[in-house]
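Here are some exercises to work through with the structure open beside you. Try each task on your own before you read its solution.

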Amino acid sequence: LTFYLFIYLFIIIILFYFFFFFDLLAQLYNHNFFWLGIKENGGGKPYGEIKKKIEETFFSFKNFKNQFTQEALSHFGSGWIWLILKNNKLKIYQGHDDQTPLKGAIGHPILTLDIWEHAYYVDYRNARSDYIKEWFNKINWDFANYNLSVSLEGQC
Amino acid sequence: MLSRAVCGTGRQLAPALGYLGSRQKHSLPDLPYDYGALEPHINAEIMQLHHCKHHAAYVNNLNVTEEKYQEALAKGDVTAQIALQPALKFNGGGHINHSIFWTNLSPNGGGEPKGELLEAIKRDFGSFEKFKEKLMAASVGVQGSGWGWLGFNKERGQLQIAACPNQDPLQGTTGLIPLLGIDVWEHAYYLQYKNARPDYLKAIWNIINWENVTERYMACKK
(Lines give C-alpha, C1' and ligand atoms only; values in the text may rest on other atoms or scores of the structure.)
Protein backbone atom coordinates (compact mmCIF):
# COMPACT_ATOMS: atom_id res chain seq x y z
CA LEU A 1 0.00 0.00 0.00
CA THR A 2 2.79 2.42 0.93
CA PHE A 3 4.49 1.64 -2.40
CA TYR A 4 1.42 2.72 -4.38
CA LEU A 5 1.04 5.79 -2.17
CA PHE A 6 4.63 6.68 -2.92
CA ILE A 7 4.07 6.33 -6.69
CA TYR A 8 0.90 8.40 -6.42
CA LEU A 9 2.73 11.19 -4.57
CA PHE A 10 5.59 11.04 -7.05
CA ILE A 11 3.18 11.58 -9.96
CA ILE A 12 1.48 14.45 -8.14
CA ILE A 13 4.86 16.12 -7.60
CA ILE A 14 5.80 15.74 -11.28
CA LEU A 15 2.46 17.28 -12.33
CA PHE A 16 2.93 20.03 -9.79
CA TYR A 17 6.40 20.70 -11.23
CA PHE A 18 5.10 21.06 -14.73
CA PHE A 19 2.08 23.18 -13.99
CA PHE A 20 3.08 25.26 -11.00
CA PHE A 21 6.85 25.31 -10.84
CA PHE A 22 7.63 25.39 -14.53
CA ASP A 23 7.67 29.14 -14.69
CA LEU A 24 9.99 29.40 -11.68
CA LEU A 25 12.37 26.76 -12.99
CA ALA A 26 12.28 28.18 -16.51
CA GLN A 27 13.08 31.66 -15.21
CA LEU A 28 15.95 30.21 -13.16
CA TYR A 29 17.37 28.59 -16.29
CA ASN A 30 16.77 31.65 -18.44
CA HIS A 31 18.51 34.01 -16.04
CA ASN A 32 21.49 31.69 -15.55
CA PHE A 33 21.84 31.45 -19.32
CA PHE A 34 21.61 35.22 -19.63
CA TRP A 35 24.35 35.93 -17.05
CA LEU A 36 26.70 33.47 -18.73
CA GLY A 37 26.09 35.13 -22.09
CA ILE A 38 27.36 38.57 -21.03
CA LYS A 39 30.64 39.82 -19.62
CA GLU A 40 32.33 43.08 -18.72
CA ASN A 41 34.75 43.16 -21.63
CA GLY A 42 32.44 41.43 -24.00
CA GLY A 43 30.95 42.61 -27.24
CA GLY A 44 32.87 43.44 -30.36
CA LYS A 45 32.60 41.23 -33.42
CA PRO A 46 31.96 37.48 -33.11
CA TYR A 47 34.84 35.09 -33.81
CA GLY A 48 35.32 31.40 -34.46
CA GLU A 49 32.46 29.06 -35.24
CA ILE A 50 29.73 31.54 -34.24
CA LYS A 51 31.10 34.07 -36.73
CA LYS A 52 30.88 31.49 -39.51
CA LYS A 53 27.39 30.45 -38.53
CA ILE A 54 26.15 34.06 -38.31
CA GLU A 55 27.50 34.83 -41.77
CA GLU A 56 26.00 31.61 -43.14
CA THR A 57 22.49 32.45 -41.91
CA PHE A 58 22.40 36.24 -41.78
CA PHE A 59 25.03 37.10 -44.45
CA SER A 60 26.72 39.60 -42.13
CA PHE A 61 27.04 40.45 -38.46
CA LYS A 62 25.43 43.83 -39.18
CA ASN A 63 22.42 42.13 -40.69
CA PHE A 64 22.17 39.77 -37.74
CA LYS A 65 22.28 42.74 -35.34
CA ASN A 66 19.49 44.49 -37.25
CA GLN A 67 17.27 41.43 -37.32
CA PHE A 68 17.83 40.53 -33.69
CA THR A 69 17.14 44.13 -32.68
CA GLN A 70 13.92 44.18 -34.70
CA GLU A 71 12.68 40.99 -33.07
CA ALA A 72 13.58 42.29 -29.62
CA LEU A 73 11.85 45.63 -30.24
CA SER A 74 8.72 44.18 -31.74
CA HIS A 75 7.97 41.70 -28.96
CA PHE A 76 4.74 42.60 -27.18
CA GLY A 77 5.04 42.33 -23.41
CA SER A 78 7.53 40.36 -21.34
CA GLY A 79 9.81 37.77 -22.83
CA TRP A 80 13.21 36.56 -23.91
CA ILE A 81 14.77 36.82 -27.37
CA TRP A 82 16.85 33.75 -28.18
CA LEU A 83 19.51 32.97 -30.74
CA ILE A 84 19.07 29.24 -31.30
CA LEU A 85 20.44 26.48 -33.47
CA LYS A 86 17.90 24.31 -35.27
CA ASN A 87 18.70 21.84 -38.04
CA ASN A 88 22.22 23.21 -38.16
CA LYS A 89 20.96 26.73 -38.85
CA LEU A 90 20.83 29.75 -36.57
CA LYS A 91 17.41 31.23 -35.91
CA ILE A 92 15.95 33.98 -33.74
CA TYR A 93 13.16 32.83 -31.44
CA GLN A 94 10.83 35.14 -29.49
CA GLY A 95 9.85 33.50 -26.22
CA HIS A 96 6.87 35.09 -24.47
CA ASP A 97 7.07 35.57 -20.67
CA ASP A 98 9.23 32.64 -19.45
CA GLN A 99 9.22 30.50 -22.60
CA THR A 100 12.47 28.74 -23.39
CA PRO A 101 13.42 27.01 -26.66
CA LEU A 102 14.18 23.84 -24.68
CA LYS A 103 10.50 23.09 -24.21
CA GLY A 104 9.11 21.51 -27.32
CA ALA A 105 12.62 21.13 -28.74
CA ILE A 106 12.34 24.43 -30.56
CA GLY A 107 16.10 24.67 -30.79
CA HIS A 108 19.40 24.66 -28.94
CA PRO A 109 19.95 27.95 -27.12
CA ILE A 110 23.10 29.87 -28.09
CA LEU A 111 22.44 33.30 -26.54
CA THR A 112 19.52 35.03 -24.87
CA LEU A 113 18.39 38.57 -24.12
CA ASP A 114 15.97 39.34 -21.29
CA ILE A 115 13.39 41.91 -22.40
CA TRP A 116 11.19 41.88 -19.33
CA GLU A 117 10.95 45.52 -18.26
CA HIS A 118 12.80 44.79 -15.01
CA ALA A 119 15.90 43.96 -17.08
CA TYR A 120 16.28 47.52 -18.38
CA TYR A 121 13.82 49.90 -16.78
CA VAL A 122 16.04 51.29 -13.99
CA ASP A 123 18.89 52.12 -16.40
CA TYR A 124 17.03 52.86 -19.62
CA ARG A 125 13.45 53.59 -18.58
CA ASN A 126 11.19 52.82 -21.58
CA ALA A 127 14.09 53.01 -24.10
CA ARG A 128 14.35 49.30 -24.86
CA SER A 129 16.35 50.06 -28.03
CA ASP A 130 19.20 51.68 -26.05
CA TYR A 131 19.35 48.63 -23.80
CA ILE A 132 19.51 46.28 -26.78
CA LYS A 133 22.36 48.34 -28.32
CA GLU A 134 24.30 48.10 -25.07
CA TRP A 135 23.73 44.34 -24.79
CA PHE A 136 25.60 43.87 -28.07
CA ASN A 137 28.59 45.54 -26.37
CA LYS A 138 28.55 42.96 -23.61
CA ILE A 139 28.02 39.66 -25.45
CA ASN A 140 30.23 36.80 -24.31
CA TRP A 141 31.09 35.21 -27.68
CA ASP A 142 33.02 32.41 -25.91
CA PHE A 143 29.76 31.29 -24.34
CA ALA A 144 28.03 31.40 -27.71
CA ASN A 145 30.81 29.26 -29.22
CA TYR A 146 30.61 26.83 -26.33
CA ASN A 147 26.84 26.37 -26.80
CA LEU A 148 27.35 25.97 -30.52
CA SER A 149 29.96 23.23 -30.08
CA VAL A 150 27.76 21.39 -27.58
CA SER A 151 24.69 21.55 -29.84
CA LEU A 152 26.59 20.62 -33.00
CA GLU A 153 27.94 17.54 -31.23
CA GLY A 154 24.40 16.35 -30.67
CA GLN A 155 23.57 16.54 -34.37
CA CYS A 156 24.04 13.46 -36.53
CA MET B 1 -7.91 74.97 -10.24
CA LEU B 2 -6.45 71.55 -11.04
CA SER B 3 -3.61 71.80 -13.51
CA ARG B 4 -3.61 68.82 -15.78
CA ALA B 5 -0.60 66.87 -16.91
CA VAL B 6 -0.14 67.14 -20.65
CA CYS B 7 2.33 65.66 -23.07
CA GLY B 8 4.00 67.33 -25.99
CA THR B 9 2.70 64.64 -28.30
CA GLY B 10 -0.59 63.08 -29.14
CA ARG B 11 -2.74 66.13 -29.49
CA GLN B 12 -5.95 66.07 -31.52
CA LEU B 13 -5.26 66.51 -35.24
CA ALA B 14 -6.18 69.89 -36.62
CA PRO B 15 -9.67 69.79 -38.22
CA ALA B 16 -8.20 70.52 -41.65
CA LEU B 17 -6.64 67.09 -41.73
CA GLY B 18 -9.91 65.38 -40.88
CA TYR B 19 -10.77 64.84 -44.54
CA LEU B 20 -7.81 62.51 -45.02
CA GLY B 21 -9.48 59.61 -43.28
CA SER B 22 -13.03 58.53 -42.72
CA ARG B 23 -12.22 58.12 -39.04
CA GLN B 24 -10.89 60.28 -36.25
CA LYS B 25 -7.37 59.47 -35.11
CA HIS B 26 -6.99 58.43 -31.49
CA SER B 27 -5.31 60.86 -29.17
CA LEU B 28 -3.66 60.70 -25.80
CA PRO B 29 -6.11 61.83 -23.11
CA ASP B 30 -4.83 64.37 -20.59
CA LEU B 31 -4.39 63.17 -17.04
CA PRO B 32 -7.03 64.65 -14.72
CA TYR B 33 -4.24 65.62 -12.26
CA ASP B 34 -0.55 66.54 -12.16
CA TYR B 35 2.17 63.92 -12.54
CA GLY B 36 3.14 64.41 -8.90
CA ALA B 37 -0.41 64.36 -7.58
CA LEU B 38 -0.44 60.66 -6.66
CA GLU B 39 2.69 60.80 -4.53
CA PRO B 40 3.84 59.15 -2.33
CA HIS B 41 1.88 56.15 -3.63
CA ILE B 42 2.99 56.43 -7.26
CA ASN B 43 5.81 58.87 -7.93
CA ALA B 44 5.88 61.63 -10.54
CA GLU B 45 8.58 60.04 -12.67
CA ILE B 46 6.53 56.87 -13.11
CA MET B 47 3.39 58.84 -13.93
CA GLN B 48 5.18 60.94 -16.52
CA LEU B 49 6.86 58.01 -18.27
CA HIS B 50 3.72 55.93 -18.04
CA HIS B 51 1.52 58.62 -19.59
CA CYS B 52 3.89 60.45 -21.97
CA LYS B 53 5.89 57.49 -23.23
CA HIS B 54 4.04 54.23 -22.74
CA HIS B 55 0.42 55.32 -23.25
CA ALA B 56 1.47 57.75 -26.00
CA ALA B 57 3.24 54.91 -27.83
CA TYR B 58 0.08 52.78 -27.73
CA VAL B 59 -1.90 55.68 -29.18
CA ASN B 60 0.61 56.37 -31.96
CA ASN B 61 1.02 52.73 -32.87
CA LEU B 62 -2.74 52.18 -32.80
CA ASN B 63 -3.17 55.00 -35.30
CA VAL B 64 -0.45 53.57 -37.55
CA THR B 65 -1.95 50.07 -37.35
CA GLU B 66 -5.44 51.34 -38.11
CA GLU B 67 -4.13 53.18 -41.18
CA LYS B 68 -2.60 49.96 -42.44
CA TYR B 69 -5.81 48.11 -41.60
CA GLN B 70 -7.86 50.63 -43.61
CA GLU B 71 -5.58 50.05 -46.58
CA ALA B 72 -5.86 46.29 -46.23
CA LEU B 73 -9.65 46.56 -46.05
CA ALA B 74 -9.74 48.78 -49.12
CA LYS B 75 -7.65 46.28 -51.05
CA GLY B 76 -9.63 43.32 -49.75
CA ASP B 77 -6.37 41.87 -48.44
CA VAL B 78 -7.57 39.50 -45.72
CA THR B 79 -4.11 38.10 -45.07
CA ALA B 80 -2.82 41.56 -44.24
CA GLN B 81 -5.86 42.21 -42.02
CA ILE B 82 -5.19 39.06 -40.05
CA ALA B 83 -1.49 39.84 -39.76
CA LEU B 84 -2.41 43.21 -38.21
CA GLN B 85 -4.68 41.69 -35.53
CA PRO B 86 -1.99 41.25 -32.84
CA ALA B 87 -0.88 44.87 -33.21
CA LEU B 88 -4.51 46.06 -33.04
CA LYS B 89 -5.15 44.02 -29.91
CA PHE B 90 -1.93 45.13 -28.26
CA ASN B 91 -2.02 48.83 -29.04
CA GLY B 92 -5.80 49.15 -28.98
CA GLY B 93 -5.93 47.31 -25.69
CA GLY B 94 -3.10 49.44 -24.31
CA HIS B 95 -4.96 52.62 -25.23
CA ILE B 96 -8.28 51.43 -23.78
CA ASN B 97 -6.74 50.09 -20.58
CA HIS B 98 -4.67 53.14 -19.77
CA SER B 99 -7.49 55.54 -20.59
CA ILE B 100 -9.59 53.75 -17.95
CA PHE B 101 -6.70 53.52 -15.49
CA TRP B 102 -6.04 57.28 -15.28
CA THR B 103 -9.68 57.89 -14.33
CA ASN B 104 -9.62 55.05 -11.77
CA LEU B 105 -6.99 56.93 -9.77
CA SER B 106 -7.24 60.21 -7.90
CA PRO B 107 -5.16 62.20 -5.41
CA ASN B 108 -8.36 62.42 -3.34
CA GLY B 109 -9.04 58.70 -3.61
CA GLY B 110 -8.77 55.85 -1.17
CA GLY B 111 -11.09 54.63 1.55
CA GLU B 112 -14.07 52.54 0.55
CA PRO B 113 -16.89 52.91 -1.95
CA LYS B 114 -20.37 53.81 -0.75
CA GLY B 115 -23.96 53.08 -1.65
CA GLU B 116 -24.92 50.69 -4.42
CA LEU B 117 -21.37 49.73 -5.38
CA LEU B 118 -20.49 48.82 -1.80
CA GLU B 119 -23.70 46.80 -1.54
CA ALA B 120 -22.85 44.95 -4.74
CA ILE B 121 -19.32 44.24 -3.49
CA LYS B 122 -20.67 42.84 -0.23
CA ARG B 123 -23.22 40.77 -2.12
CA ASP B 124 -20.77 39.32 -4.64
CA PHE B 125 -17.63 38.95 -2.51
CA GLY B 126 -18.88 38.78 1.09
CA SER B 127 -17.18 41.94 2.28
CA PHE B 128 -15.01 44.80 1.05
CA GLU B 129 -11.97 43.19 2.70
CA LYS B 130 -12.56 39.90 0.91
CA PHE B 131 -12.98 41.73 -2.41
CA LYS B 132 -9.74 43.62 -1.79
CA GLU B 133 -7.88 40.37 -1.04
CA LYS B 134 -9.23 38.74 -4.19
CA LEU B 135 -8.30 41.62 -6.45
CA MET B 136 -4.83 41.86 -4.88
CA ALA B 137 -4.30 38.12 -5.33
CA ALA B 138 -5.39 38.25 -8.97
CA SER B 139 -3.08 41.20 -9.64
CA VAL B 140 -0.06 39.76 -7.80
CA GLY B 141 -0.58 36.46 -9.59
CA VAL B 142 -0.27 37.84 -13.12
CA GLN B 143 2.79 36.19 -14.64
CA GLY B 144 4.70 38.53 -16.87
CA SER B 145 2.86 41.67 -17.90
CA GLY B 146 -0.86 42.24 -17.53
CA TRP B 147 -3.74 43.75 -15.57
CA GLY B 148 -5.98 42.86 -12.64
CA TRP B 149 -9.63 43.90 -13.10
CA LEU B 150 -12.88 44.41 -11.28
CA GLY B 151 -15.46 43.88 -13.97
CA PHE B 152 -19.20 43.59 -14.36
CA ASN B 153 -20.78 40.47 -15.78
CA LYS B 154 -23.90 41.78 -17.55
CA GLU B 155 -25.42 38.34 -18.12
CA ARG B 156 -25.27 37.39 -14.48
CA GLY B 157 -25.67 40.94 -13.16
CA GLN B 158 -22.65 40.31 -10.93
CA LEU B 159 -19.30 41.84 -10.17
CA GLN B 160 -16.37 39.64 -11.13
CA ILE B 161 -12.61 39.74 -10.74
CA ALA B 162 -10.38 38.83 -13.66
CA ALA B 163 -6.79 39.09 -14.81
CA CYS B 164 -5.72 39.69 -18.40
CA PRO B 165 -2.31 39.11 -19.95
CA ASN B 166 -0.32 41.74 -21.83
CA GLN B 167 -2.63 44.55 -22.99
CA ASP B 168 -5.62 42.33 -23.69
CA PRO B 169 -8.67 44.54 -23.11
CA LEU B 170 -11.11 43.12 -20.54
CA GLN B 171 -14.33 43.64 -22.46
CA GLY B 172 -12.94 42.66 -25.86
CA THR B 173 -11.54 39.38 -24.60
CA THR B 174 -13.88 38.31 -21.77
CA GLY B 175 -17.08 40.31 -22.24
CA LEU B 176 -16.82 41.72 -18.71
CA ILE B 177 -17.32 45.48 -18.48
CA PRO B 178 -14.25 47.13 -16.95
CA LEU B 179 -14.83 49.10 -13.74
CA LEU B 180 -11.42 49.21 -12.03
CA GLY B 181 -8.09 48.19 -13.54
CA ILE B 182 -4.73 47.67 -11.85
CA ASP B 183 -1.74 47.85 -14.18
CA VAL B 184 0.87 45.31 -13.12
CA TRP B 185 3.27 45.77 -16.00
CA GLU B 186 6.66 46.45 -14.42
CA HIS B 187 6.75 49.96 -15.92
CA ALA B 188 3.79 50.80 -13.65
CA TYR B 189 5.81 50.39 -10.44
CA TYR B 190 9.41 49.29 -10.94
CA LEU B 191 11.17 52.64 -10.54
CA GLN B 192 9.61 53.11 -7.11
CA TYR B 193 8.91 49.63 -5.78
CA LYS B 194 11.48 47.59 -7.76
CA ASN B 195 10.35 43.96 -7.78
CA ALA B 196 8.04 44.39 -4.77
CA ARG B 197 4.76 44.26 -6.65
CA PRO B 198 2.75 43.51 -3.46
CA ASP B 199 3.96 46.80 -1.91
CA TYR B 200 2.76 48.72 -4.98
CA LEU B 201 -0.60 46.94 -4.78
CA LYS B 202 -0.95 47.84 -1.09
CA ALA B 203 -0.17 51.49 -1.84
CA ILE B 204 -2.56 51.86 -4.78
CA TRP B 205 -5.60 51.38 -2.54
CA ASN B 206 -4.89 54.87 -1.18
CA ILE B 207 -5.61 56.47 -4.53
CA ILE B 208 -8.51 54.49 -5.97
CA ASN B 209 -11.15 56.90 -7.27
CA TRP B 210 -14.29 55.18 -6.01
CA GLU B 211 -16.49 57.88 -7.51
CA ASN B 212 -15.24 56.94 -10.96
CA VAL B 213 -15.61 53.21 -10.32
CA THR B 214 -19.17 53.83 -9.08
CA GLU B 215 -19.97 55.90 -12.19
CA ARG B 216 -18.81 53.05 -14.38
CA TYR B 217 -20.83 50.56 -12.35
CA MET B 218 -24.01 52.63 -12.55
CA ALA B 219 -23.55 53.01 -16.30
CA CYS B 220 -23.35 49.20 -16.68
CA LYS B 221 -26.59 48.58 -14.93
CA LYS B 222 -28.64 50.64 -17.36
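**Exercise 1. Find how many salt bridges there are over all chains, and place a pair within one helix of chain A.**

Step 1. Start with the total: in this predicted model, the count over all chains comes to twelve salt bridges.

Step 2. Now look at A:Lys53 and A:Glu56, whose side chains form one with N and O 3.2 Å apart. That distance fits the rule, because a salt bridge needs the nitrogen within 4 Å of the carboxyl oxygen.

Step 3. Locate the two residues. Both belong to helix 2 of chain A, residues 49-58, and they sit three residues apart, about one turn of the helix.

Step 4. Ask how accessible the lysine is. A:Lys53 has a relative accessibility of 5%, so it counts as buried, the limit being under 20%.

**Exercise 2. Describe the salt bridge between A:Asp130 and A:Lys133, and decide whether each partner is buried, partly exposed or exposed.**

Step 1. Take the distance: the N to O value for A:Asp130 and A:Lys133 is 3.9 Å. The pair still counts because the cut-off is 4 Å.

Step 2. Find the element. A:Asp130 and A:Lys133 are both in helix 5 of chain A (residues 128-136), three residues apart.

Step 3. Compare the areas with the cut-offs. A:Asp130 has a relative accessible area of 35%, so it is partly exposed. A:Lys133 has 56%, so it is exposed, as over 50% is required for that class.

**Exercise 3. Explain why the salt bridge of B:Glu116 and B:Lys221 ties together separate parts of chain B.**

Step 1. Confirm the pair: the side chains of B:Glu116 and B:Lys221 meet with N and O 2.5 Å apart.

Step 2. Place each partner. B:Glu116 is in helix 3 (residues 115-125) and B:Lys221 is in helix 8 (residues 210-221), so the pair links parts that are 105 residues apart in sequence.

Step 3. Check the accessibility. B:Glu116 is partly exposed at 40%, and B:Lys221 is partly exposed at 39%.

**Exercise 4. Work out what chain A and chain B share at their interface.**

Step 1. Count the residues: 14 of chain A are in contact with 17 of chain B.

Step 2. Turn to area. The two chains bury about 1,500 Å² between them, with 57% of it on carbon and sulfur atoms. On the side of chain A, the residues that lose the most area to chain B are A:Phe76, A:Glu117 and A:Tyr121, which together make up 40% of what that side buries.

Step 3. Look for charges that meet. Between chain A and chain B there is one salt bridge. B:Glu45 forms a salt bridge with A:Arg125, the closest N and O atoms being 2.6 Å apart.

Step 4. Add the polar contacts: seven residue pairs across the interface of chain A and chain B qualify. The side of chain A that touches chain B has four nonpolar, five polar and five charged residues.

**Exercise 5. Sketch the overall build of chain A.**

Step 1. List the elements: chain A has six helices and three strands. Read from the N terminus, their order is α-α-α-β-β-β-α-α-α.

Step 2. Draw a box. The C-alpha atoms of chain A fill roughly 65 × 45 × 25 Å along the principal axes.

Step 3. Note the burial: of its 156 residues, 42% count as buried.

**Exercise 6. Compare the helix and strand content of the two domains that UniProt lists in chain B, then find the surroundings of B:Asn153.**

Step 1. An unreviewed UniProt entry gives "Manganese/iron superoxide dismutase N-terminal" as a domain at residues 25-106 of chain B. That span is 72% helix and 0% strand.

Step 2. UniProt (unreviewed entry) also places the domain "Manganese/iron superoxide dismutase C-terminal" at residues 113-216 of chain B. Residues 113-216 are 46% helix and 22% strand.

Step 3. Now find B:Asn153, in strand 1 of chain B, residues 146-153. B:Asn153 has a relative accessible area of 10%, so it is buried.

Step 4. Trace its partners. The side chain of B:Asn153 reaches the backbone nitrogen of B:Arg156 at 3.1 Å. Leaving aside neighbours within four places in sequence, B:Asn153 is in contact with B:Gln158, B:Gln160 and B:Leu176.

Terms used: Residues are numbered from 1 along each chain as its sequence is written. Chains are lettered from A and ligands numbered from 1 in the order in which they are written. This is a predicted model: local features need pLDDT of at least 70, side-chain atom pairs count only at pLDDT 80 or more; totals for chains, interfaces and linings use all residues. Side-chain values use heavy atoms; hydrogens and water are left out. Helices (H or I, at least four residues) and strands (E, at least two) are DSSP runs, numbered from the N terminus. Buried means under 20% relative accessible area, exposed over 50%, partly exposed in between (1.4 Å probe, protein chains only). A polar contact is a pair of N or O atoms within 3.5 Å; within protein, one must be able to donate a hydrogen and the other to accept it, and residues adjacent in sequence count only if both atoms are side-chain atoms. Contact means heavy atoms within 4.5 Å. UniProt positions are given in the numbering used here, feature names are shortened, and annotations may be inferred rather than shown by experiment. Buried area is the accessible area (1.4 Å probe) that two parts lose on being put together, summed over both. Ala, Val, Leu, Ile, Met, Phe, Trp, Tyr, Cys and Pro count as nonpolar, Asp, Glu, Lys and Arg as charged, and the others, Gly among them, as polar.
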